[in-house]
Amino acid sequence: MAMKILSVFFFALLLLASPLLQVARCQSEAEADVGEAVEGGDLGIVGDDVQDFGDSNFGPAPGIETVCVFPKNSAKLVLAGEETELLVGMENVGESPVNVIAIRSSVHFSFDHRMLVQNLTVQTFNNATVPPSVQATFPYIFVVSKYLQPGTFDLVGTIFYEIDQQPFQSTFYNGTIEVAEAGGFLSVESVFLVTLGIALLVLFGLWLHGQFQRITKKTKRAPKVEVGTRATDASMDEWLQGTAYTQSGSKSKKKK
């Protein structure tokens with residue numbers, strides 16, 4: 001299992017290092033003296049006709065490994081309405097040659113993968129054969145609709161092939177992509193969001209200014225209250241009139 005993972009990892013690095021590489025020989029040390037490299041022309045050319053595969057589901061063939069690389073686009077950023085290129089790598093570790101037929105992909109909602117957003121380009125190949133113990137690289141170019149709302153979507157890419165006239169398919173990519181609006185940094189949506197943010201900041205500033213003025217006016221209008229000893233004594237005398245305290249006080253004054 002570890003050797004298999006290392007083999008796939010090495011294959012991905014090979015695709016990143018050589019995007020123009022069409023076919024590379026996968027050899028062990030015992031096969032090094034008899035290895036043959038397949039010419040790039042044998043990979044096939046893109047067909048003009050578009051084949052409809054419908055909802056076919058053939059399943060992957062044993063001994064076939066696939067990998068996908070976005071060359072010079074590690075962020076997987078897709079501009080709506082513009083071409084996006086990716087490289088599909090196939091490794092044939094089986095005993096029979098593989099006849100590659102076509103590559104197709106589709107876009108789905110991330111929150112519900114069952115909801116299809118768009119079926120993308122079906123790219124067919126002619127005379128694309130991958131012999132046993134050989135790795136091949138197939139370029140695939142697709143275009144997302146220019147009307148697609150920017151955001152995160154799921155991309156599902158499938159490669160169709162035949163082995164001994166039996167149809168198979170393998171999913172080489174099933175992950176997220178980031179769709180952005182083409183035509184520059186500032187878009188209609190970004191301008192709207194920036195304008196809305198500025199308006200909210202202005203309203204918040206006006207509200208703070210109004211609250212500050214309101215507090216300042218209350219402070220200026222508050223009357224000053226002076227408390228003196230005479231006013232306190234007078235109020236105390238009125239409150240204590242007729243009580244035992246005032247009677248005892250009058251008696252003491254008479255005695256004097």
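Trainee: Which residue in β8 stands opposite Asn99?

Mentor: In this predicted model, the residue of β8 that stands opposite Asn99 is Thr129. The two strands concerned, β6 and β8 (residues 123-130), run antiparallel and are joined by 5 bridges.

Trainee: And how many bridges are there between β6 and β10, and in which sense do they pair?

Mentor: Between β6 and β10, which spans residues 151-163, there are 10 bridges, and the pairing is in the antiparallel sense. As an example of the register, Ser105 has Gly157 of β10 as its bridge partner.

Trainee: What about β7, how does β6 connect to that one?

Mentor: The connection from β6 to β7 is a hairpin that passes through 6 residues, and the two strands run antiparallel with 3 bridges joining them. Within that pairing, Ser106 is found opposite Asn119 of β7.

Trainee: Is β6 mostly covered or mostly open, then?

Mentor: Mostly covered, since 9 of the 12 residues in β6 are buried. Val100, which belongs to this strand (residues 98-109), is one to look at, with a relative accessible area of 1%, so it counts as buried.

Trainee: What does Val100 touch, leaving out residues up to four places away in sequence?

Mentor: With those set aside, Val100 touches Met90, Phe125, Ala128, Val130, Phe138, Ile159, Phe160 and Tyr161. Taking Phe160 from that list, its C-alpha atom is separated from that of Val100 by 6.2 Å, although the two residues are 60 residues apart along the chain.

Trainee: Which residues touch the most other members of the largest nonpolar core?

Mentor: That core has 34 residues, and those touching the most other members are Leu86, Met90, Val100, Phe138, Leu155, Ile159 and Tyr161. At least two residues of this core come from each of β3 (64-69), β5 (83-92), β6, β8, β9, β10 and β11 (166-180).

Trainee: Switching to rings: how many aromatic pairs does the structure hold?

Mentor: The structure holds 7 aromatic pairs. One of them is formed by Phe125 and Phe138, with an edge-to-face arrangement in which the centres are 5.4 Å apart and the planes make an angle of 70°.

Trainee: Why does that pair tie together separate parts of the sequence?

Mentor: Because Phe125 lies in strand β8 whereas Phe138 lies in strand β9 (residues 134-143), the pair ties together parts that are 13 residues apart in sequence. Both rings belong to buried residues, with Phe125 at 9% relative accessibility and Phe138 at a relative accessible area of 1%.

Trainee: Which residues do ring pairs link into a cluster?

Mentor: Phe109, Phe111 and Phe153 are linked into a cluster by ring pairs.

Trainee: Back to β7 for a second, what does the side chain of Gln118 do with Ser145?

Mentor: Gln118, which lies in β7 (residues 116-119), has a polar side-chain atom 3.0 Å from the backbone nitrogen of Ser145. Not counting residues up to four places away in sequence, Gln118 touches Ser106, Val107, Val143, Val144 and Ser145, and Ser106 is also the residue that stands opposite Asn119 in β7.

Trainee: And Val78, is that one buried or exposed?

Mentor: Val78 is buried, its relative accessible area being 0%, and it is part of strand β4, residues 77-79. Apart from neighbours within four places in sequence, the residues in contact with Val78 are Thr84, Phe142, Val144, Ile177, Glu178, Val179 and Ala180. The C-alpha atoms of Val78 and Phe142 are separated by 9.7 Å, with their positions 64 residues apart along the chain.

Trainee: Where does UniProt put the transmembrane region?

Mentor: The unreviewed UniProt entry carries a "transmembrane region" annotation that covers residues 191-210. In the model, this span is 100% helix and 0% strand, and its end C-alpha atoms lie 29 Å apart.

Trainee: Zooming out, how many helices and strands are in the protein chain?

Mentor: The protein chain has 4 helices and 11 strands. Of its 256 residues, 30% are buried. Looking at contacts with a separation of 6 or more, 72% are accounted for by residues 24 or more positions apart.

Note on methods
Residues numbered from 1 in each chain as written. Predicted model: local features only at pLDDT ≥ 70, side-chain atom pairs only at ≥ 80, totals over all residues. Heavy atoms only, no water. Buried < 20%, exposed > 50% of the residue type's maximum accessible area, 1.4 Å probe, protein only. Contact = heavy atoms within 4.5 Å. Polar contact = N/O pair within 3.5 Å; in protein donor to acceptor, adjacent residues only side chain to side chain. Pairing = 2+ DSSP bridges. UniProt positions renumbered as here; feature names shortened; annotations may be inferred. Phe/Tyr/Trp six-rings, centres within 6.5 Å; stacked < 30°, edge-to-face > 60°. Core = buried A, V, L, I, M, F, W, Y, C linked by side-chain atoms within 4.5 Å.
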